[in-house]
Amino acid sequence: MSELKFEAALARLEEIVRSLEQGDAELDEGLVLFEEGVKLARFCNEQLDQAEAKIEIMIDQGLIEPFEVKES
Amino acid sequence: MVALHPLSVSELTNQIKAALTQPALQSVAVQGEVSNFLHHRSGHMYFSLKDTHSRIKAVMFRGRNQRLSFTPKNGDTLIALGSVGVYEPNGEYQLYVDMLFPQGIGDLHLAFEDLKAKLEAEGLFDPGRKRSLPLLPRRVGVITSPSGAALRDILHVLRRRHPGVNVLLFPALVQGEEAPESLVRALSLAQNTDVDVLIIGRGGGSFEELAAFNDEGLARAIAQSDIPVVSACGHETDFTLADFVADCRAPTPSAAAELVVPLREELLAAVTSMRNRMVSALRRRIESERRYLGQLQHSPVLARPEHMFRQRRQRLDELWTSLGRFQRSALVLRRGKLAAAVGKLESLSPLNTLARGYSVCQNERGEIVRQAKQVSLGELVYLTLQEGSLSCLVEERKP
């Protein structure tokens, strides 16, 4: 799931919510969807909770260094 | 009275023409506003130049006007270089234009308009080419000057909206002759990184300062980028070519940052809301299934299974009863048929005939006698009556 993009995760979560709300799945199927949805919601939250943002600068092809922002 | 040596029209025209060949009129620069502009099918351009008081007809032949980097239009104030001459068939003098220069709008603007038209014609600005931006980029690429205010603004807004977004800066010159090449190079470097979206821009500036963002090479590089590009050239009103060709145009670098990263709180709220909806949907579902189960448990069949047998027994009784009814009615029917048959049989019986006074005559061999010649004189015949019988001797016979 780590390769999953936030956008795709959110879209899938929306799909699951709709499906559960419509109640068109069998109950056991619904439970599987629910489980997946909980995982997706957790993944989305984790993505949003990344605390430390990296700010880097590309000096040259393949050469990336941390970038210090000079506060004016 | 003038001596009557009249000139022909052609002769007069030739004299006028000669008068106009003075050097001062053979190399003129004249400024005026274009009107009645016509780019004829032949390729020649016909128009007038005018100011508030005067007007002169002008023509610029195809061979000359093909070198123009812009297309004149009515209302443009232009400087025309050329010569004055006479168009004999109409008796008109006019300006034969060798070259046109714009006046009032600078060359840079003209080149910009031309290039813009060209790129637009190539379809580089088509809305269909524009890609949508990712909802939440994991890494934002920023192409700008590392020391500019634009970068500070962008980083500030990104942090405010979502502290967890990574930024990769591609330093580039944003002003001066080397800026276009520098920007194109940064754009090309970015293609091989994992950034989800690119912001390319600089803080505000005059038209001349933004020139790098009107560069054809840069416009094409933006169009070819595999990564969605947001342009941010720091100008509210004027659009650069980079703006036209980018997937998304932001009026300022700060606005670009806002476009690129959604508010973290909004996304968190969205995820939480979906989670809640999911939980309540499942809860509703389970409750509804439970209700249904309850209904099933209370259904007569499960609650009082003996009912099922009672019902069936009752049905069996009903069937039994109706079977008996059927049998009885069949018997009545048969009885009726028998009586009818008996009646019919009785009507055919000879006894009835005898009762009406007829008798049956038989000979000694028991044969029924129907004709007199069947018996001989002196033979005995037997008559059967309704009651009893007679033996009779035949005394006479009639045929």
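Colleague: How does N36(B) count, buried or partly exposed?
Modeller: This is a predicted model, where local features need pLDDT of at least 70 and side-chain atom pairs count only at pLDDT 80 or more, while totals for chains, interfaces and linings use all residues. Residues are numbered from 1 along each chain as its sequence is written, and chains are lettered from A and ligands numbered from 1 in the order in which they are written. The cut-offs are 20 or more other C-beta atoms within 10 Å for buried, 12 or fewer for exposed and anything in between for partly exposed, with C-beta atoms placed from the backbone. N36(B) has 13 such neighbours, so it counts as partly exposed.

Colleague: And what is the phi of N36(B)?
Modeller: N36(B) lies in strand β1 (residues 28–39) of chain B; strands are DSSP runs of E with at least two residues, helices are runs of H or I with at least four, and both are numbered from the N terminus. N36(B) isn't a glycine, yet its phi is positive, at about 50°.

Colleague: Which strands stand at the edges of the sheet that holds β1(A) and β7(B)?
Modeller: It's an open, mixed sheet of 7 strands, in the order β2(A)-β1(A)-β7(B)-β6(B)-β8(B)-β9(B)-β10(B). Pairing here takes at least two DSSP bridges between two strands. Two strands have a single partner each, so one side of each lacks a neighbour in the sheet: β2 (63–66) of chain A and β10 (248–250) of chain B.

Colleague: What's the average twist from one strand to the next?
Modeller: Angles run from 0 to 180 degrees between N-to-C directions, and axes are lines fitted to C-alpha atoms, for helices over the stretch in contact. From one strand to the next, the average is 25°.

Colleague: What angle does helix α6(B) make with β6(B)?
Modeller: Helix α6 (residues 179–190) of chain B packs on the sheet, touching β1 (55–60) of chain A plus β6, β7 (166–171) and β8 of chain B. Contact means C-beta atoms, placed from the backbone, within 7 Å. The directions of α6(B) and β6(B) make about 165°.

Colleague: Which residue in chain B stands opposite I57(A)?
Modeller: Here the sheet runs across the two chains, as β1(A) and β7(B) pair in the parallel sense over 3 bridges. Opposite I57(A), in β7(B), is L169(B).

Colleague: Which element gives the largest share of the side of chain B that touches chain A?
Modeller: The contact takes 29 residues from chain B and 33 from chain A. On the chain B side, α5 (149–161), β7 and α10 each supply at least two residues. The largest share, 12 residues, comes from α10(B).

Colleague: How far apart are the end C-alpha atoms of α10(B)?
Modeller: Helix α10 (residues 264–297) of chain B has buried residues including L267(B), V271(B) and M274(B), and their cover includes α1 (6–22) and α2 (27–49) of chain A. The expected span is 1.5 Å times one less than the number of residues. With 34 residues that gives 50 Å, which agrees with the end-to-end distance of 49 Å.

Colleague: Which element of chain B has the highest mean pLDDT?
Modeller: pLDDT is the predictor's confidence in each residue, from 0 to 100. Chain B averages 87, with 96% of its residues at 70 or more. Helix α11 (residues 300–303) of chain B is the lowest of its elements at 74, and the highest, at 96, is β8(B).

Conventions: Contact = placed C-beta atoms within 7 Å.
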